[in-house]
Number of protein chains: 2
Amino acid sequence: MTVEPLIGDVIGELLQDTLAVATGVGPRPLVGGRLPRPVIEIIERDDGLINGAPAAHYLDGPAQWQPYDHRAVDRAHGETLDIGTGAGRIALHLQERGVPVTGLDTSAGALEVCRRRGVRRLVHGTVETHVADGARYDTFLLLGNNLGLFEGRERAPGFLAALAALARPGAQIIAQGTDPYGTRDPVHTGYHERNRRRGRLGGQLRLRLRYRELSTEWFDYLVCSADEFAALVHGTGWRLTDVDDRDAPYYLATLRLVG
Amino acid sequence: MTVEPLIGDVIGELLQDTLAVATGVGPRPLVGGRLPRPVIEIIERDDGLINGAPAAHYLDGPAQWQPYDHRAVDRAHGETLDIGTGAGRIALHLQERGVPVTGLDTSAGALEVCRRRGVRRLVHGTVETHVADGARYDTFLLLGNNLGLFEGRERAPGFLAALAALARPGAQIIAQGTDPYGTRDPVHTGYHERNRRRGRLGGQLRLRLRYRELSTEWFDYLVCSADEFAALVHGTGWRLTDVDDRDAPYYLATLRLVG
């Protein structure tokens, strides 16, 4: 009797509602038709684990950011591509600082939120589809845990090749990751172990996002140690030049284009 | 490849973590092993709709309550059974006022949270299993939307019969419900229509609750108008004597034992 959720623009709907709740403008979900409902992002893992997280952080200004976000944006220079820009918090800040920044996202709804918030340069697509547009960059940002977009061993080389195709000489990638292996929670350590037995990286999560009636397809999202990340980059056109883990388990990995 | 979640004491785990986050005592989920994760209750409907709601409200003291909760506890008198007591917010308050109150819940973990918060009289079970314990009551409370426990046309007569078996002469039931029909959101109006075509009440929700790796079984939970509720009660040993809808769409229905 139960029905699978619709596939749709989860992040777009989520961010549009988050903006509506924050600004009080536009339609938004209400409890009992009366009280505003806080917007919660739901993250489902393929072992049945499910977590909800308040979505308001997508709109956070620099005053609410974690310290590593500040150190990341301080490293951005030249033409900058904010990959998985979401509600545009990073792109907005760089734009205000005068850094020429473009926000890239696969979510049309997210880009609409960015536009309403004032982000001027936006691209709808993936790093691969964006290559044909002709724009080239000095800095690629993968913040808000978007090192996860490397997915795993299969996807990483193609992702890095697309970034190389988008890169100007001497370009850098700054990616924020989280080392997942500090936990002793058997829900997580057991998942890591099952992943490894299947030839996957321990923290190669199989996820889908859900919001109200919508779901994404299942996708891989990589949560790995800096050592695992170094191994993924090894032998590609990029070199890992720095790992800033002052806020461990969170870290910033910096890659440089070789040659 | 994806796995169904484990069946377990969702509300118990959720409330234990909520208490741990609120008090800073005991193990609780952390983001990246470091930052406390807000506890979110996830409610999945059988049409694929999913919502997350922060769980902290289960611990709310009277200062944070909605006005109808205050009006409900003001009507409680004599031996009182708080049905679906959860984290015991209602039972604690009545106990402090000197009302002899018992908290009833099917969740062992919820009762442990009640015990730690100081609720003295607790029963693990359903209204049916509690009949054999011999206790009898003047007031039954179904607050926090627990009118939902009537489930629908099939369950309501048995539920009311069990309450009659637990009742002293002249006993009352005070149940808080929500009229779901004010919405024009097609996600909800379509659900109501499909329910009616299947012979169910429009707001007879088929739900399961999820928290981390755990899920409940699917169950019915009734969100109905006061008129629908009146029809459910008609012809039973109880009479609907008052509907307080000053905070519509929320309302308090009061039933009296007949004869």
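**What rotation superposes chain B on chain A?** In this predicted model, a turn of 180° does the job, with 0.0 Å of shift along the axis and an RMSD of 0.0 Å. The two copies are therefore related as by a two-fold rotation axis. To find that axis from the side of chain B, look for B:G52: its C-alpha is the one in chain B nearest the axis, 3.0 Å from it. The same surface serves both copies, since 100% of the contact residues of chain B recur in chain A.

**Close-up 1. A:E4 and A:R208 form a salt bridge.** Before looking at this pair, here is a helpful idea: side chains of opposite charge can pair when their charged atoms come close. Here the closest N and O atoms of A:E4 and A:R208 are 3.1 Å apart. Where do A:E4 and A:R208 lie in chain A? A:E4 sits in the segment before β1 (6-7), while A:R208 belongs to strand β11 (residues 204-211), so the pair ties together parts that are 204 residues apart in sequence. Their surroundings are worth a look too: A:E4 is exposed, with a relative accessible area of 57%, whereas A:R208 counts as buried at 8%.

**Close-up 2. A network of salt bridges links residues of chains A and B.** Now follow A:E4 and A:R208 into a wider group. From chain A, the network includes A:E4, A:E44, A:R208 and A:R210. From chain B, it includes B:E4, B:E44, B:R208 and B:R210. Try finding each of these residues in the structure above.

**Close-up 3. A:R246 and A:D244 meet through their side chains.** This salt bridge has an N to O distance of 3.7 Å. Is A:R246 buried or exposed? With a relative accessible area of 63%, A:R246 is exposed. Its partner A:D244, at 6% relative accessibility, counts as buried.

**Close-up 4. B:E151 and B:R155 pair up in chain B.** The side chains of B:E151 and B:R155 meet in a salt bridge, at 3.9 Å from N to O. B:E151 is partly exposed, with a relative accessible area of 27%. B:R155 also counts as partly exposed, at 23% relative accessibility.

**Overview. How many salt bridges does the structure hold over all chains?** The count is 46. Among them are the pairs shown in the close-ups: A:E4 with A:R208, A:R246 with A:D244, and B:E151 with B:R155.

Key:
Residues are numbered from 1 along each chain as its sequence is written. Chains are lettered from A and ligands numbered from 1 in the order in which they are written. This is a predicted model: local features need pLDDT of at least 70, side-chain atom pairs count only at pLDDT 80 or more; totals for chains, interfaces and linings use all residues. Side-chain values use heavy atoms; hydrogens and water are left out. Copies are superposed by least squares on the C-alpha atoms of residues with pLDDT of at least 70 in both. Contact means heavy atoms within 4.5 Å. A salt bridge is a side-chain nitrogen of Lys or Arg within 4 Å of a carboxyl oxygen of Asp or Glu. Helices (H or I, at least four residues) and strands (E, at least two) are DSSP runs, numbered from the N terminus. Buried means under 20% relative accessible area, exposed over 50%, partly exposed in between (1.4 Å probe, protein chains only).
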